[in-house]
Amino acid sequence: MTSGTTITLAELVKRFGGDIVGDAAHRVASLAPLDKADSGQLAFLANQKYLPQVDTTRAGAVLISPADLEKVAVREGHNFIVTPNPYAYFARVAQAFIDLATPAATPGVHPSASIDPGAKVAASAVIGAHVTVEAGAVVGERVKLDAGVVIGRGVRLGEDVHLYPNVTVYHGCKLGARVIVHAGAVIGADGFGFAPDFVGEGEARTGSWVKIPQVGAVDIADDVEIGANTTIDRGAMADTVIEECVKIDNLVQIGHNCRIGAYTVIAGCAGIAGSTHIGRHCMIGGAVGIAGHVTLADHVIVTAQSGVSKSLVKPGMYTSAFPAVNHADWNKSAALVRNLDKLRDRIKALEAALETRDKK
Amino acid sequence: MTSGTTITLAELVKRFGGDIVGDAAHRVASLAPLDKADSGQLAFLANQKYLPQVDTTRAGAVLISPADLEKVAVREGHNFIVTPNPYAYFARVAQAFIDLATPAATPGVHPSASIDPGAKVAASAVIGAHVTVEAGAVVGERVKLDAGVVIGRGVRLGEDVHLYPNVTVYHGCKLGARVIVHAGAVIGADGFGFAPDFVGEGEARTGSWVKIPQVGAVDIADDVEIGANTTIDRGAMADTVIEECVKIDNLVQIGHNCRIGAYTVIAGCAGIAGSTHIGRHCMIGGAVGIAGHVTLADHVIVTAQSGVSKSLVKPGMYTSAFPAVNHADWNKSAALVRNLDKLRDRIKALEAALETRDKK
Amino acid sequence: MTSGTTITLAELVKRFGGDIVGDAAHRVASLAPLDKADSGQLAFLANQKYLPQVDTTRAGAVLISPADLEKVAVREGHNFIVTPNPYAYFARVAQAFIDLATPAATPGVHPSASIDPGAKVAASAVIGAHVTVEAGAVVGERVKLDAGVVIGRGVRLGEDVHLYPNVTVYHGCKLGARVIVHAGAVIGADGFGFAPDFVGEGEARTGSWVKIPQVGAVDIADDVEIGANTTIDRGAMADTVIEECVKIDNLVQIGHNCRIGAYTVIAGCAGIAGSTHIGRHCMIGGAVGIAGHVTLADHVIVTAQSGVSKSLVKPGMYTSAFPAVNHADWNKSAALVRNLDKLRDRIKALEAALETRDKK
């Protein structure tokens, strides 16, 4: 990550906060890990494991917390920006360097894009090749629609939304400001709802599934990020709702009429069935499955690959996954689990036998 | 869900069946839940839980089963349409209202679409922006191809098929009448087949994987619905087959040469490995995994997150998933599971000890 | 699978190796299973189960290993090509027949494609409808980009790469020679990285997630194949790396900064969290989940639906999944698992009781 532009520590602090210990006029041009940074680069300490590297780094400056600065042995010749959260500070500076290095996209509509005359696209928006925007859609200021994006009828996109290539947003959905959606994600497909209309049982069963029209939409609040090829279904009658600053990884499925509370993060391959409500500040691990029509309290953590079948009303960490072990050992354990009732019966028999003797 | 058009209960019954109890001339314009409907709206009772709401609803009419009508306390001033399956009736009426409210798409090919001269597209079809239809494809009457859809060589699409944006159908696949495929789904990608061509073991292993050409296709029957970003692979030699009225949710993977029996439903994130045959009227839960080369009987239900590794020859419900519990409690149970053989050995030792005493 | 062209066994052996037993001038035109092949078709024996079919097949020739040829009872009137690996031989011949039967794509750029003037596309490449290639991208000899593919800034595609419809490759990623990527896959989306910048606990928590810029890319070596709708994230600082001849199925998620060793195969719906390194020649089963920041040795096999939470430093097979059983039986076992500590305590009590008696 390199840009031609350099910036002084003083300018960084003016923009992002923090206090300088050392030479405020020192210039940096990019970021690097402690052990690889040179004098033109900014490093950060966010993990105690790397504390010894602060003494030996050649970085032009180190982002550090006040507590960690106290532990540094060698300050001589080193510059620091002291901030309570060096990792978040690093993230913000890194983004600023990227913005400097990235050629600004020219506002306007690519000639190959297909914009319905009944859509409203801000002049500052950047509309890529082969994009489709249907009637009634509203595309906000500085929105970026990459190649192949499809925006359905009446969709509303807030300012600074960025949709990566081949994203599809179905009709009537709403995305708040600064929402990022990665390539291939699908927002607002029909929820999975069919009314059984069958008569008879077993082989005599006749009839069919009748599709339940899905007339809700998806309502996504500000600052949400959604991963590649993730799918979020539209609601059946009311909307599916994703609250502010929710972060969703790749290949996640969110069913119709779910509500995901603000600041919650959902890791890749998780699946959340319909009408489930997840609280604020939750952390849903990778490949977690959550049943439909349940509620998770705020601050619930579900570890990877676990399955949630009932509501979790208390904050805390929940688990139901086993870690893989040697295959033969596992098969022995699995066979014993299948026959746990027999082990229990043997214990019962032993207890009864002892009791019988006691009576003798 | 609102349209400008109203319809009398008499007209509804003429079109969808059922018997009227109350005012056949009453007009409704849309649908709503029992507790929210007003006199211009139609509600339905499909769940005993909501029976008390029938007495207090302000709905213009209620869809109700004959048995439930008997339980209603207050019929005065209420209108009913009596039907054996109010939920399915509701679904059909809801779809009719949507059709009334949705502007009819104009048949024709969007100027940005790319149709090979060797493809055959019905004049009544609606071909969206940036669609690609390759040589030899046949697109049936009233088919709707949304923006960005790609139809490969020789694909056949039956009448009234609707493919949502950015769906890809590989060459040679066949979709029956009224098939719906949601955005981003991929029909007919190569099955996952590679012949090992290696020599030597461990670090001395040399050679490569040789791709097995996948020359079957995917054959999808009438009235199938396929969810967003779902993938159904083409067969290796014969076809992968999806029978009529199968309903598949989002992000489902179906391997090469599978056969999915009619009326079976498969929930989101499920994965079915190659050459597996699933019976008719099965229900496969979310995130279920099914091994390759197995067979499931008709009327099998597999609950969410379970794994099927062998054929299931009897109808019934099958499970292998644990529900998440408090993390610390789980870890204790998991450690005991790993050491179940030791518990069993302790039981054996106790049994032996008691037996020894008996002999004394 | 039929082409108009026929080929003699002698020509096959000249091209693909092996020894002929029988009539070297016999001509075949396609491939078929042993029990269906006629005299113009080539069959193969790769599974002992089908050995008896060799005696009765009407195939024009059979691909067979030297060891299996010894077991054949009836050689009279049969032709054989003897090769150590009939299955791989079959795969290579099948591909050759397909190549003969498939009309050669005409090199060139479809008029609807959008190629940035700053991109470099080989004259032998075949660029489909509605493809987008951004500035600085380099598209190698004979590359095939199907309809709707999007190639970001500065991407490099090696010779003979084939990207199926609607694939997205983000800026800066690199694909080696002969890489195949199936429809809808996304290469190089941002890794899932956010720095927590919150203050306070519980309901008093305020702050936000700060996005960590993902400035690495994805580096994919030669002969890799990637399935439909699979997602491989770009690295945070360094690259995500997929080594040569890795084969990845559909709907797989690979997190940022992973490294997947050469010749490893990953089945559908698997998810691998960030910064995890998988060795060479590993086999990762369907729907397997692997935690972040762990390392798997070469030649590790993880069976379907298992979860890996720690490094696996020895080759071998690892498992943590239960097979589905009758639902009621499972629920009994699951309840006992949740209460295993009570069973253990009862065993302890029994042991103590016996010991007490011994002391008496």
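# Exercises on a predicted three-chain model

In chain A, the centres of domain 1 and domain 2, taken over C-alpha atoms, are 38 Å apart. The model is predicted.

**Exercise 1.** State which residues belong to each domain of chain A.

*Solution.*
Step 1. Read the domain assignment of chain A: domain 1 covers 7-101, domain 2 covers 108-318 and domain 3 covers 328-359.
Step 2. Place the distance on this division: the 38 Å runs between the centres of domain 1 and domain 2 of chain A.

**Exercise 2.** Find what turn and what shift lay chain B on chain A, and name the axis that relates the two copies.

*Solution.*
Step 1. The superposition uses a turn of 120° and a shift of 0.0 Å along the axis, and the RMSD is 0.1 Å.
Step 2. The two copies are therefore related as by a three-fold rotation axis.

**Exercise 3.** Describe the interface of chain B with chain A: how many residues are in contact, and how much area is buried?

*Solution.*
Step 1. Count contacts, taking heavy atoms within 4.5 Å: 63 residues of chain B touch 73 residues of chain A.
Step 2. Take the area: the two chains bury about 5400 Å² between them, and 66% of it lies on carbon and sulfur atoms.
Step 3. Look at the chain B side: B:His130, B:Ala324 and B:Leu354 lose the most area to chain A, together 10% of what that side buries.
Step 4. Count the salt bridges between chain B and chain A: there are three. One of them joins A:Lys211 to B:Glu225, with the closest N and O atoms 2.8 Å apart.

**Exercise 4.** Do the count for chain C with chain B, and give the partner of C:Glu351 in a salt bridge.

*Solution.*
Step 1. Here 62 residues of chain C are in contact with 72 residues of chain B.
Step 2. About 5400 Å² is buried between chain C and chain B, 67% of it on carbon and sulfur atoms.
Step 3. Three salt bridges are counted between these chains. In one, C:Glu351 pairs with B:Arg346, and the closest N and O atoms are 2.8 Å apart.

**Exercise 5.** Determine how helices H5 and H6 of chain C pack, and which residues make the contact.

*Solution.*
Step 1. Locate the helices of chain C: H5 spans residues 327-338 and H6 spans residues 340-359.
Step 2. Give the geometry: H5(C) and H6(C) pack at an angle of about 65°, with their axes 4 Å apart.
Step 3. List the contact: C:Leu336, C:Val337 and C:Arg338 come from H5(C), while C:Leu340, C:Asp341 and C:Leu343 come from H6(C).
Step 4. Sort these residues: four are nonpolar, none is polar and two are charged.

Key
Residues are numbered from 1 along each chain as its sequence is written. Chains are lettered from A and ligands numbered from 1 in the order in which they are written. This is a predicted model: local features need pLDDT of at least 70, side-chain atom pairs count only at pLDDT 80 or more; totals for chains, interfaces and linings use all residues. Side-chain values use heavy atoms; hydrogens and water are left out. Copies are superposed by least squares on the C-alpha atoms of residues with pLDDT of at least 70 in both. Axes are lines fitted to C-alpha atoms, for helices over the stretch in contact, and angles run from 0 to 180 degrees between N-to-C directions. Helices (H or I, at least four residues) and strands (E, at least two) are DSSP runs, numbered from the N terminus. Ala, Val, Leu, Ile, Met, Phe, Trp, Tyr, Cys and Pro count as nonpolar, Asp, Glu, Lys and Arg as charged, and the others, Gly among them, as polar. Domain bounds come from an automatic or database domain assignment. Buried area is the accessible area (1.4 Å probe) that two parts lose on being put together, summed over both. A salt bridge is a side-chain nitrogen of Lys or Arg within 4 Å of a carboxyl oxygen of Asp or Glu.
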